Amino acid sequence: MNIYKNIRVIFIGAPGTGKGTQSELLTKKYRVPKISVGELLRKLVNNNISNDINSGELISDSIVCNIVKIRIYKRDCNNGFILDGFPRNINQAQYLTINNIKINFVFNIKLSYKIIIKRLLGRRIHNLSGRIYHIKYNPPLVSDLDNITGEKLSSRKDDNVDIIKHRLKVHEKQIGDIVNYYKQEVKLGNILLYREIDGSKPINLVHAEIINSINHFS
Ligand code: AMP
């Protein structure tokens with residue numbers, strides 16, 4: 001198999017485990033698009049959706065699944081894609097299968113809630129591009145400014161302690177079913193790999209572990 005034609009990756013870790021950061025690195029390495037569902041949703045001008053995002057609730061499957069399908073069917077995804085933040089429940093996982101959207105690698109990045117909260121409170125994003133920074137662990141070259149455009153970075157409204165705790169609860173309710181689903185998919189030969197990754201390591205080491213896992217199948 002030529003993996004470079006089949007980089008179809010999903011990340012299913014909790015919020016703040018580094019899915020977005022690792023997706024960005026994979027995108028650069030394999031030159032396939034990163035599809036961040038949260039980012040796509042934040043760009044929609046819709047008050048109901050913004051309110052749900054800001055309060056840490058999931059957006060309805062019908063909306064999210066449609067957005068993902070439309071994005072994946074674009075031509076630039078022909079050679080693969082990195083899906084960040086989807087699926088977030090079993091329905092969404094099954095949606096990919098039912099729609100024949102093949103996935104090869106599933107990474108579940110794991111991290112203690114204590115570290116997650118610390119990371120999310122220090123997270124800064126560049127709204128337009130979705131580039132992600134952390135004030136301590138992954139700081140921009142110039143404090144509070146995006147490395148590429150020099151534009152101001154901001155904190156996400158849902159990155160405050162109470163909302164983070166709620167988002168983690170929402171995640172906890174769904175993740176067991178998703179993990180079981182993908183373990184079963186590996187057994188059935190429908191995906192190549194389900195792997196749990198220790199997200200407490202530095203960004204470059206987590207990246208290296210992901211690349212090694214993918215290379216194993218080349
Ligand atoms: P993220 O940027 O991945 O942390 O997602 C931010 C927010 O977008 C989530 O808390 C949800 O409100 C919404 N969202 C992102 N992905 C999904 C999804 N797959 N299903 C439902 N809602 C989602």
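**Ligand site and nonpolar cores**

In this predicted model, a nitrogen atom of the ligand has a polar side-chain atom of Q92 sitting 2.9 Å away. Once the protein is wrapped around the ligand, 96% of the 490 Å² that the ligand exposes on its own ends up buried. G85 joins in through its backbone: one of its polar backbone atoms lies 2.8 Å from a nitrogen atom of the ligand. R42 uses its side chain instead, with an N or O atom placed 3.1 Å from an oxygen atom of the ligand.

Looking at the shell as a whole, 15 residues surround the ligand, and those that come nearest are E57, G85, R88, Q92 and R156. Sorted by class, the shell is made up of 7 nonpolar, 5 charged and 3 polar residues. Helix α2 supplies the largest share, with 4 residues.

Helix α2 also turns up in the packing of the protein. The largest nonpolar core counts 30 residues, and L83, F86 and Y182 have the most contacts inside it. Two or more residues of this core come from each of α2 (37-43), α3 (47-54), α4 (61-72), β3 (80-84), α5 (90-98) and α7 (161-187). Y182 shows what such packing looks like from one side chain's position: leaving out residues up to four places away in sequence, Y182 touches I10, P87, A93, L96, V106, I191 and Y194. A separate core of 16 residues lies apart from the largest one, and its members include I7, F11, L26 and I214.

Both ends of α3 have something worth a look. At the N-terminal end, N46 acts as the cap, with a side-chain oxygen 2.9 Å from the backbone nitrogen of N48. After the helix comes G56, which has a positive phi, near 80 degrees.

That leaves H171, a residue of helix α7. Is H171 buried or exposed? Its relative accessible area is 17%, and the cut-off for a buried residue is under 20%, so H171 counts as buried. As for its neighbours, H171 touches I12, G13, A14, P15 and Y113, again not counting residues up to four places away in sequence.

Notes
Residues are numbered from 1 along each chain as its sequence is written. This is a predicted model: local features need pLDDT of at least 70, side-chain atom pairs count only at pLDDT 80 or more; totals for chains, interfaces and linings use all residues. Side-chain values use heavy atoms; hydrogens and water are left out. A nonpolar core is a set of buried Ala, Val, Leu, Ile, Met, Phe, Trp, Tyr and Cys residues joined through side-chain atoms within 4.5 Å. Buried means under 20% relative accessible area, exposed over 50%, partly exposed in between (1.4 Å probe, protein chains only). Contact means heavy atoms within 4.5 Å. A polar contact is a pair of N or O atoms within 3.5 Å; within protein, one must be able to donate a hydrogen and the other to accept it, and residues adjacent in sequence count only if both atoms are side-chain atoms. A residue is near a molecule or strand if one of its heavy atoms lies within 4 Å of it. Accessible areas come from the Shrake-Rupley method with a 1.4 Å probe; for residues, only the protein chains shown count as cover. Ala, Val, Leu, Ile, Met, Phe, Trp, Tyr, Cys and Pro count as nonpolar, Asp, Glu, Lys and Arg as charged, and the others, Gly among them, as polar.
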